[in-house]
Amino acid sequence: MFNFEKDLRCLMGHNFDKAKEGYVNLLIKNGRGKRHGDDKLMVKARKDFLEKGYYAPLRQKLVEILGEGNTVLDVGCGEGYYTSLLAENNTVCGIDISKDALKYAAKKCKNSAFAVASIAEIPLSDRSVDAIINIFAPENLKEFSRVLKKGGRFITVQPLENHLFELKEKIYDEPYKNPPPILEKEGFELISAEKIEYEITIDNNEDIVSLFKMTPYYYKTSAADQQKLQNLNVLTTAIEFFVAVYR
(Lines give C-alpha, C1' and ligand atoms only; values in the text may rest on other atoms or scores of the structure.)
Protein backbone atom coordinates (compact mmCIF):
# COMPACT_ATOMS: atom_id res chain seq x y z
CA MET A 1 0.00 0.00 0.00
CA PHE A 2 2.68 2.50 1.05
CA ASN A 3 4.98 2.64 -1.93
CA PHE A 4 7.14 5.73 -2.33
CA GLU A 5 8.75 5.41 -5.73
CA LYS A 6 12.21 6.72 -6.61
CA ASP A 7 10.87 9.97 -8.02
CA LEU A 8 7.62 11.64 -6.98
CA ARG A 9 5.80 14.65 -8.39
CA CYS A 10 2.90 16.43 -6.71
CA LEU A 11 -0.01 18.21 -8.39
CA MET A 12 1.77 21.53 -7.86
CA GLY A 13 4.71 20.31 -9.95
CA HIS A 14 7.22 19.77 -7.14
CA ASN A 15 9.67 16.88 -7.54
CA PHE A 16 10.71 14.68 -4.62
CA ASP A 17 13.57 12.21 -4.89
CA LYS A 18 14.00 9.08 -2.83
CA ALA A 19 17.22 9.24 -0.78
CA LYS A 20 19.74 6.43 -0.98
CA GLU A 21 18.81 5.40 2.58
CA GLY A 22 15.25 4.69 1.41
CA TYR A 23 13.11 7.61 2.59
CA VAL A 24 11.43 10.43 0.66
CA ASN A 25 11.79 14.05 1.74
CA LEU A 26 8.44 15.78 1.18
CA LEU A 27 9.24 18.95 3.11
CA ILE A 28 9.96 21.93 0.91
CA LYS A 29 12.83 23.89 2.41
CA ASN A 30 11.94 27.30 3.77
CA GLY A 31 15.55 28.41 3.89
CA ARG A 32 18.90 27.16 2.80
CA GLY A 33 20.47 24.89 5.38
CA LYS A 34 17.44 24.93 7.68
CA ARG A 35 17.17 21.86 9.89
CA HIS A 36 13.81 20.28 10.72
CA GLY A 37 13.16 18.17 13.80
CA ASP A 38 15.61 16.29 15.99
CA ASP A 39 19.28 16.72 15.17
CA LYS A 40 21.97 14.06 14.80
CA LEU A 41 22.95 14.23 18.48
CA MET A 42 19.44 13.59 19.78
CA VAL A 43 18.69 10.90 17.20
CA LYS A 44 21.93 9.01 17.87
CA ALA A 45 21.40 9.22 21.65
CA ARG A 46 17.83 7.90 21.36
CA LYS A 47 18.91 5.08 19.06
CA ASP A 48 21.71 4.02 21.41
CA PHE A 49 19.47 4.15 24.48
CA LEU A 50 16.38 2.44 23.08
CA GLU A 51 18.35 -0.41 21.55
CA LYS A 52 19.42 -1.40 25.09
CA GLY A 53 15.78 -2.37 25.79
CA TYR A 54 14.95 0.12 28.55
CA TYR A 55 11.59 0.93 26.91
CA ALA A 56 10.87 -2.61 25.69
CA PRO A 57 7.68 -2.97 27.83
CA LEU A 58 6.11 -0.05 25.95
CA ARG A 59 7.13 -1.54 22.62
CA GLN A 60 5.54 -4.88 23.49
CA LYS A 61 2.37 -3.20 24.75
CA LEU A 62 1.94 -1.37 21.44
CA VAL A 63 2.32 -4.64 19.54
CA GLU A 64 -0.34 -6.20 21.77
CA ILE A 65 -2.77 -3.30 21.30
CA LEU A 66 -2.26 -2.96 17.56
CA GLY A 67 -2.60 -6.61 16.62
CA GLU A 68 -1.92 -7.86 13.10
CA GLY A 69 -2.90 -7.12 9.53
CA ASN A 70 -3.40 -3.37 9.88
CA THR A 71 -2.30 -0.48 7.70
CA VAL A 72 -0.58 1.87 10.13
CA LEU A 73 0.74 5.42 10.15
CA ASP A 74 3.52 5.97 12.70
CA VAL A 75 3.54 9.72 13.36
CA GLY A 76 6.86 11.07 14.60
CA CYS A 77 8.41 7.65 14.05
CA GLY A 78 11.95 8.85 14.76
CA GLU A 79 14.70 6.36 14.15
CA GLY A 80 12.24 3.44 13.87
CA TYR A 81 12.63 1.62 17.19
CA TYR A 82 8.88 1.06 17.59
CA THR A 83 8.14 1.01 13.87
CA SER A 84 10.41 -1.95 13.21
CA LEU A 85 8.53 -4.29 15.54
CA LEU A 86 5.06 -3.05 14.56
CA ALA A 87 5.94 -3.64 10.89
CA GLU A 88 6.59 -7.35 11.42
CA ASN A 89 2.85 -8.07 11.28
CA ASN A 90 1.42 -4.85 9.84
CA THR A 91 1.92 -2.55 6.86
CA VAL A 92 3.51 0.60 8.24
CA CYS A 93 4.35 4.06 6.95
CA GLY A 94 6.42 6.35 9.17
CA ILE A 95 6.64 10.12 8.96
CA ASP A 96 8.87 12.53 10.84
CA ILE A 97 10.21 16.02 10.22
CA SER A 98 13.75 14.91 11.07
CA LYS A 99 15.75 13.74 8.08
CA ASP A 100 18.48 12.55 10.44
CA ALA A 101 16.00 10.25 12.20
CA LEU A 102 14.63 8.76 8.98
CA LYS A 103 18.10 7.85 7.76
CA TYR A 104 18.20 5.34 10.60
CA ALA A 105 14.55 4.29 10.30
CA ALA A 106 14.70 3.50 6.57
CA LYS A 107 17.82 1.39 7.03
CA LYS A 108 16.32 -0.43 10.03
CA CYS A 109 12.89 -1.13 8.52
CA LYS A 110 13.35 -2.24 4.92
CA ASN A 111 9.73 -3.39 4.65
CA SER A 112 8.23 0.01 5.54
CA ALA A 113 7.85 3.35 3.76
CA PHE A 114 9.21 6.56 5.30
CA ALA A 115 8.75 10.21 4.46
CA VAL A 116 10.08 13.44 5.88
CA ALA A 117 6.71 15.11 6.26
CA SER A 118 4.67 17.31 8.56
CA ILE A 119 1.46 16.42 10.37
CA ALA A 120 0.10 19.68 8.98
CA GLU A 121 -0.24 17.89 5.65
CA ILE A 122 0.05 14.13 6.01
CA PRO A 123 1.01 12.63 2.61
CA LEU A 124 -1.69 9.95 2.63
CA SER A 125 -5.12 9.81 1.03
CA ASP A 126 -8.40 10.10 2.91
CA ARG A 127 -9.56 7.02 4.86
CA SER A 128 -6.40 5.09 4.05
CA VAL A 129 -5.15 3.70 7.40
CA ASP A 130 -6.54 1.44 10.10
CA ALA A 131 -4.50 2.94 12.91
CA ILE A 132 -2.27 5.86 13.83
CA ILE A 133 0.53 5.48 16.38
CA ASN A 134 1.72 8.64 18.13
CA ILE A 135 4.51 8.33 20.72
CA PHE A 136 5.43 11.63 22.41
CA ALA A 137 4.79 13.43 19.12
CA PRO A 138 2.64 16.48 18.31
CA GLU A 139 -0.96 15.88 17.22
CA ASN A 140 -3.14 17.16 14.40
CA LEU A 141 -6.54 15.68 15.13
CA LYS A 142 -8.10 17.06 11.96
CA GLU A 143 -5.52 15.36 9.76
CA PHE A 144 -5.65 12.18 11.83
CA SER A 145 -9.41 12.03 11.31
CA ARG A 146 -8.97 12.54 7.59
CA VAL A 147 -6.55 9.66 6.98
CA LEU A 148 -8.15 7.17 9.37
CA LYS A 149 -10.69 4.72 8.02
CA LYS A 150 -14.14 4.75 9.58
CA GLY A 151 -13.75 3.08 12.96
CA GLY A 152 -9.97 3.42 12.79
CA ARG A 153 -7.90 3.72 15.95
CA PHE A 154 -5.64 6.48 17.22
CA ILE A 155 -3.10 5.13 19.73
CA THR A 156 -1.20 7.72 21.72
CA VAL A 157 1.58 7.51 24.30
CA GLN A 158 2.32 10.32 26.74
CA PRO A 159 4.67 10.57 29.73
CA LEU A 160 3.05 10.57 33.15
CA GLU A 161 3.88 12.91 36.02
CA ASN A 162 6.87 11.01 37.45
CA HIS A 163 8.43 9.86 34.19
CA LEU A 164 12.23 10.26 34.51
CA PHE A 165 11.79 12.31 37.68
CA GLU A 166 14.93 10.95 39.31
CA LEU A 167 16.94 11.97 36.25
CA LYS A 168 15.60 15.51 36.68
CA GLU A 169 16.58 15.44 40.36
CA LYS A 170 20.19 14.88 39.35
CA ILE A 171 20.14 17.88 37.03
CA TYR A 172 17.85 20.55 38.44
CA ASP A 173 17.74 22.28 41.82
CA GLU A 174 13.96 22.31 41.58
CA PRO A 175 12.85 19.34 39.44
CA TYR A 176 9.33 19.49 38.06
CA LYS A 177 6.77 16.82 37.28
CA ASN A 178 5.13 16.37 33.90
CA PRO A 179 1.58 17.66 33.46
CA PRO A 180 -1.19 15.03 33.56
CA PRO A 181 -2.31 13.64 30.20
CA ILE A 182 -5.22 15.26 28.39
CA LEU A 183 -7.93 12.64 27.86
CA GLU A 184 -10.45 14.48 25.70
CA LYS A 185 -9.64 14.74 21.99
CA GLU A 186 -12.09 16.44 19.70
CA GLY A 187 -13.65 14.09 17.16
CA PHE A 188 -12.40 10.94 18.95
CA GLU A 189 -13.89 8.59 21.51
CA LEU A 190 -11.65 7.15 24.23
CA ILE A 191 -12.03 3.37 24.19
CA SER A 192 -9.22 2.28 26.53
CA ALA A 193 -6.42 3.69 28.65
CA GLU A 194 -3.74 2.20 30.84
CA LYS A 195 -0.52 3.04 32.63
CA ILE A 196 2.83 1.35 32.20
CA GLU A 197 4.90 1.96 35.33
CA TYR A 198 8.25 0.47 36.30
CA GLU A 199 11.78 1.43 37.30
CA ILE A 200 14.99 1.11 35.39
CA THR A 201 18.50 1.07 36.79
CA ILE A 202 21.19 2.28 34.42
CA ASP A 203 24.63 1.15 35.54
CA ASN A 204 26.88 3.05 33.16
CA ASN A 205 27.47 6.70 32.38
CA GLU A 206 27.17 6.26 28.62
CA ASP A 207 23.52 5.19 28.80
CA ILE A 208 22.69 7.82 31.42
CA VAL A 209 24.06 10.56 29.17
CA SER A 210 22.27 9.06 26.13
CA LEU A 211 18.97 9.15 28.04
CA PHE A 212 19.54 12.80 28.90
CA LYS A 213 20.54 13.78 25.36
CA MET A 214 17.52 12.10 23.78
CA THR A 215 15.12 14.25 25.83
CA PRO A 216 14.17 17.91 25.33
CA TYR A 217 15.68 18.58 28.78
CA TYR A 218 19.19 18.55 27.31
CA TYR A 219 18.49 21.48 25.03
CA LYS A 220 16.84 23.49 27.80
CA THR A 221 19.60 22.94 30.36
CA SER A 222 22.60 25.11 31.09
CA ALA A 223 26.12 23.85 30.46
CA ALA A 224 26.72 23.83 34.22
CA ASP A 225 23.71 21.59 34.86
CA GLN A 226 24.65 19.32 31.96
CA GLN A 227 27.97 18.64 33.65
CA LYS A 228 26.22 17.20 36.69
CA LEU A 229 25.78 13.88 34.88
CA GLN A 230 29.35 13.49 33.65
CA ASN A 231 30.50 11.42 36.64
CA LEU A 232 27.21 9.67 37.39
CA ASN A 233 27.55 5.91 36.82
CA VAL A 234 24.34 4.56 38.38
CA LEU A 235 20.83 5.93 38.05
CA THR A 236 17.51 4.41 39.10
CA THR A 237 14.53 6.29 37.74
CA ALA A 238 10.80 5.92 37.29
CA ILE A 239 9.40 5.08 33.87
CA GLU A 240 5.74 6.04 33.50
CA PHE A 241 3.81 5.89 30.24
CA PHE A 242 0.14 6.57 29.62
CA VAL A 243 -1.22 4.61 26.65
CA ALA A 244 -4.64 5.62 25.33
CA VAL A 245 -6.65 4.24 22.41
CA TYR A 246 -9.26 6.36 20.63
CA ARG A 247 -11.73 5.68 17.84
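## Tyr-55 and the largest core

Tyr-55 touches a long list of residues that are more than four places away in sequence, among them Phe-49, Leu-50, Tyr-81, Tyr-82, His-163, Leu-164, Tyr-198, Leu-211, Met-214, Ile-239 and Phe-241. The model described here is predicted.

Tyr-55 is also one of the residues that touch the most other members of the largest nonpolar core, together with Phe-49, Leu-58, Leu-62 and Leu-211. This core has 40 residues. Its largest share, 5 residues, is supplied by strand S10. Another core, of 20 residues, lies apart from it and includes Val-75, Ala-117, Leu-148 and Phe-154. In soluble globular proteins, nonpolar side chains tend to be buried together.

## Helix H2

Helix H2 spans residues 56–66, and its buried residues are Leu-58, Arg-59, Lys-61, Leu-62, Ile-65 and Leu-66. These residues lie on the same side of H2, because they cover an arc of only 165° around the axis. Two of the names, Leu-58 and Leu-62, also appear among the residues with the most contacts in the largest core.

Several elements cover the buried residues of H2, including strand S4 (71–75), helix H3 (81–86), strand S7 (129–135), strand S8 (148–159), strand S9 (190–202) and strand S10 (235–246). Just after H2 comes Gly-67, with a positive phi of about 80°.

## Asp-207

Asp-207 is found in helix H7, which covers residues 205–213. Is Asp-207 buried or exposed? Its relative accessible area is 3%, so Asp-207 is buried.

The side chain of Asp-207 makes polar contacts with two other side chains: that of Lys-52, at 2.8 Å, and that of Tyr-54, at 2.7 Å. Beyond its neighbours within four places in sequence, Asp-207 is in contact with Phe-49, Lys-52, Tyr-54 and Ile-202. Phe-49 is also touched by Tyr-55.

## The largest pocket

Rolling a probe the size of a water molecule over the atoms shows where empty space is left. The largest pocket has a volume of about 1,200 Å³, and 43 residues line it. Those nearest its centre are Ile-135, Phe-136, Ala-137, Pro-138 and Pro-216.

Which elements give two or more residues to the lining of the largest pocket? They are helix H1 (40–50), S4, strand S5 (91–96), S7 and S8. The largest share of the lining, 4 residues, comes from S8.

## Three residues in loops

Most residues other than glycine have a negative phi, and most peptide bonds are trans. Arg-127 is not a glycine, yet has a positive phi of about 55°. Arg-127 sits in the loop between strand S6 (113–116) and S7. With 52% relative accessibility, Arg-127 counts as exposed. Leu-164 also has a positive phi, near 60°, and is a residue other than glycine. Leu-164 belongs to the loop between S8 and H6. Leu-164 is buried, with a relative accessible area of 2%, and is one of the residues that Tyr-55 touches.

Pro-180 lies in the loop between helix H6 (165–171) and S9. Pro-180 has a relative accessible area of 54%, so this residue is exposed. From Pro-180 to Asn-162 the separation is 18 residues in sequence, and their C-alpha atoms are 9.8 Å apart in space.

Note on methods: Residues are numbered from 1 along each chain as its sequence is written. This is a predicted model: local features need pLDDT of at least 70, side-chain atom pairs count only at pLDDT 80 or more; totals for chains, interfaces and linings use all residues. Side-chain values use heavy atoms; hydrogens and water are left out. Buried means under 20% relative accessible area, exposed over 50%, partly exposed in between (1.4 Å probe, protein chains only). The arc is that of the directions from the helix axis to the C-beta atoms. Contact means heavy atoms within 4.5 Å. A nonpolar core is a set of buried Ala, Val, Leu, Ile, Met, Phe, Trp, Tyr and Cys residues joined through side-chain atoms within 4.5 Å. A polar contact is a pair of N or O atoms within 3.5 Å; within protein, one must be able to donate a hydrogen and the other to accept it, and residues adjacent in sequence count only if both atoms are side-chain atoms. On a 1 Å grid over the protein atoms alone, a cavity is a set of points where a 1.4 Å probe fits but cannot get out, and a pocket is an open set with protein on both sides within 12 Å along at least five of seven lines; lining residues have an atom within 4 Å of a point. Grid points are joined across faces, edges and corners, and a volume is the space filled by probe spheres set on the points.
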